[in-house]
Amino acid sequence: MQFHHHGYVSGDPRVLPAAGTGLDRPAELPDEVDVLVVGSGPAGMLLAAQMSQYPEVTTRVIERRAGRLVLGQADGIQPRSVETFQAFGFAEQITAEAYNIGWMNFWGPDPDDPGRIVRTSRTEDYGLKISEFPHLIVNQARVLDYFAQAAANGPARIAPDYGVEFLGLTVHEGPDAGPYPVEVRVREAAGELPGRERTIRAKYVAGCDGARSAVREAIGRRHVGEFAAHAWGVMDVLVNTDFPDWRIKCAINSEAGNILHIPREGGYLSRMYVDLGEVPENDHHEVRRTPIEEIIRRANEILTPYTLDVVDVAWHSVYEVGHRVTDRFDDVPEGSGRTPRVFLTGDACHTHSAKAGQGMNVSMQDGLNLGWKLGSVLTGLSPESLLATYSSERQPVAQELIDFDREWSSLMARKPEEISDPTELAQHYLATSEFPSGFMTRYAPSMIVGEPSHQELAAGFPIGKRFKSAEVTRVADGNAVHLGHHARADGRWRLYAFADAPLAGEDSALAAWAAWVGSAESPVARHTPAGADVDAVFDVKVVYQQAFQEVDLAGVPGVFRPRTGPLGLIDWEKVFAAGPTVWTGVDIFAERELSRDGVVVVVRPDQYVAHVLPLTATDELAAFLDGAFGS
């Protein structure tokens with residue numbers, strides 16, 4: 001990580017200097033805020049961490065609970081989420097305390113004695129096969145803790161306002177609406193004046209308040225879909241057992257039912273999703289009252305001939321599988337074309353089973369998509385029309401999630417007689433791995449996603465998909481690093497210039513492009529606020545085709561060696577080389593199918609590829625960025 005560019009730092013460099021609204025943050029919830037986040041779940045706390053990078057913006061997070069979440073229901077962390085944690089600066093820390101899923105084993109009835117289960121296959125997990133990031137299990141509460149820390153350490157010093165309950169809202173329109181058109185009614189559920197009701201005015205509201213979202217109800221949105229007539233008991237337990245795969249993720253199918261078994265962090269705790277069978281139509285949710293003793297009994301029956309001696313139950317619940325998507329993810333009336341003022345994220349706009357490990361992961365990506373857009377609009381970098389892309393981008397993703405989860409849940413709930421191939425579930429698990437990992441999302445062309453007219457120049461960076469990192473060598477020090485890992489969740493756009501063949505200092509397409517980008521006529525200059533660092537909005541990097549020893553830093557164009565910060569220090573970490581070294585055996589040009597004639601890859605603040613263009617297409621790049629920034 002980079003620090004000291006504002007002067008010597010003797011403390012924790014992850015704690016950024018307070019600025020703007022973080023300098024004198026009032027303890028009392030203000031009467032007027034720019035962004036009001038309702039709910040401190042995964043999407044809400046990621047939003048808080050992102051908005052803390054925009055200290056010019058007044059952001060507050062209200063939460064009905066009196067304090068932090070202690071026991072989180074979600075626990076599966078997909079590789080895309082770990083990639084996101086890396087952008088917020090805590091991937092290594094949370095990975096160290098998490099359970100790393102290295103394998104998934106599958107169990108089924110013994111052909112010689114169907115009343116007993118046997119292991120039918122042992123499968124390597126997909127995590128590190130498709131990403132440099134692992135597939136983890138860690139308590140949701142710890143994920144929220146890390147985001148809370150990132151929010152508190154950001155310049156805006158954001159912390160949740162606990163003990164404040166959302167009651168309702170009204171979006172005012174017309175000339176009398178004023179600068180804060182959303183009127184929000186809240187009640188203090190704790191604190192010095194419990195029960196006191198008051199009104200807050202906001203520019204924008206984000207509903208991150210779960211499946212029973214009061215924000216969703218307030219804007220008249222509805223969940224569309226059905227509950228499946230199947231119930232599951234879930235429990236986090238400490239046990240003694242003779243089941244040999246207790247510390248390996250397992251899908252278990254027996255004549256008595258099904259179990260999805262997931263070891264938890266810490267070496268002892270495990271989670272079990274236990275099949276409770278079909279639910280009659282007239283059940284009226286009575287199945288939710290199933291006692292923990294019955295869930296444990298069912299688990300033991302399914303695991304025969306193995307047994308569980310449950311020593312302690314940390315948490316348990318019963319749920320019926322539901323697959324629903326909200327009809328729209330913002331408050332804009334159909335066909336009105338007005339600016340969105342209220343947004344829905346996470347379980348407030350999509351609900352499904354927990355067995356595919358998607359709830360928390362997709363919710364966080366909702367927050368990541370929304371956060372930088374709110375920050376860009378409220379700081380004047382982008383037009384309000386940018387906010388309409390939140391619903392248009394995230395709603396199709398939610399529908400894909402529901403379709404995937406419905407298929408996975410159906411496969412998990414099958415009876416032995418419905419399974420013709422005992423390896424089918426394992427094959428499906430691996431064949432579809434890119435989707436649950438979070439890497440299949442692809443946004444359609446829009447004001448912030450270009451048309452794929454030059455996609456062949458960078459086939460390994462599909463436009464609309466997340467920027468898939470690869471190793472390069474940092475020229476300044478010769479260290480092998482992942483190119484994408486240098487990016488932080490700081491709201492900046494990335495322009496990656498992959499050079500044509502000539503060396504640094506020689507005439508080339510890259511040199512001409514760099515001269516244009518560094519000129520007063522470029523969109524970089526046009527959309528960077530006066531007085532700000534030259535890389536405050538656009539982080540411009542170069543990757544040369546040669547080995548790092550062949551790149552002469554003195555010949556590298558100045559746009560890749562900017563002077564930033566109050567001291568005007570040279571940034572040495574924007575110049576990279578692709579040529580393989582003893583440290584990295586990959587060539588990013590070959591790895592990501594990049595044109596040797598050079599190519600520019602534009603990446604949004606949320607790590608998604610926005611455009612791919614030739615180095616010579618400066619007019620196209622200018623037009624695209626002008627569209628994204630509203631000029």
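Strand 11 is joined to strand 17 (residues 342-344) by three bridges, and the two run parallel. This pairing belongs to a predicted model, and the account below starts from strand 11 before turning to the chain as a whole and to one residue, Asp535.

**Pairing around strand 11**

Within the pairing of strands 11 and 17, Ala206 has Phe343 of strand 17 as its bridge partner. Ala206 also serves as the strand 11 bridge partner of Val37. That second bridge concerns strand 1 (residues 32-38), which pairs with strand 11 (residues 197-207) in the parallel sense. Strand 10 (residues 182-188), by contrast, runs antiparallel to strand 11. There, Glu183 finds its bridge partner in Arg201 of strand 11. The three pairings are set out below.

| Strand paired with strand 11 | Sense | Bridges |
|---|---|---|
| Strand 1 (residues 32-38) | parallel | six |
| Strand 10 (residues 182-188) | antiparallel | six |
| Strand 17 (residues 342-344) | parallel | three |

In a regular strand, side chains alternate between the two faces of the sheet.

**The chain as a whole**

The secondary structure of the protein chain comprises 15 helices and 27 strands. What radius of gyration does the protein chain have, and how does this compare with a compact globule? The value is 26 Å, which agrees with the figure near 25 Å that a compact globule of 631 residues would have. Along the principal axes, the C-alpha atoms fill a box of roughly 75 × 60 × 50 Å.

Of the 631 residues in the protein chain, 57% are buried. Among contacts with a separation of 6 or more, 73% are made by residues 24 or more positions apart. The accessible surface of the protein chain comes to about 25,300 Å², and carbon and sulfur atoms account for 50% of this area. As to charge, the protein chain carries 57 positive and 87 negative side chains. The centres of these two sets lie 3 Å apart.

**Asp535**

Asp535 is located in the loop between helix 13 (523-527) and strand 22 (538-544). Is Asp535 buried or exposed? Its relative accessible area is 9%; because the limit for a buried residue is under 20%, Asp535 counts as buried. Apart from neighbours within four places in sequence, the residues in contact with Asp535 are Arg492, Thr564, Asp571 and Lys574.

Key: Residues are numbered from 1 along each chain as its sequence is written. This is a predicted model: local features need pLDDT of at least 70, side-chain atom pairs count only at pLDDT 80 or more; totals for chains, interfaces and linings use all residues. Side-chain values use heavy atoms; hydrogens and water are left out. Helices (H or I, at least four residues) and strands (E, at least two) are DSSP runs, numbered from the N terminus. The radius of gyration is taken over C-alpha atoms; the globule rule is 2.2 Å times the number of residues to the power 0.38. Buried means under 20% relative accessible area, exposed over 50%, partly exposed in between (1.4 Å probe, protein chains only). Contact means heavy atoms within 4.5 Å. Accessible areas come from the Shrake-Rupley method with a 1.4 Å probe; for residues, only the protein chains shown count as cover. Lys and Arg count as positive and Asp and Glu as negative; His and the chain ends are not counted. The place of a charge is taken as NZ of Lys, CZ of Arg, CG of Asp or CD of Glu. Two strands pair if DSSP finds at least two bridges between them.
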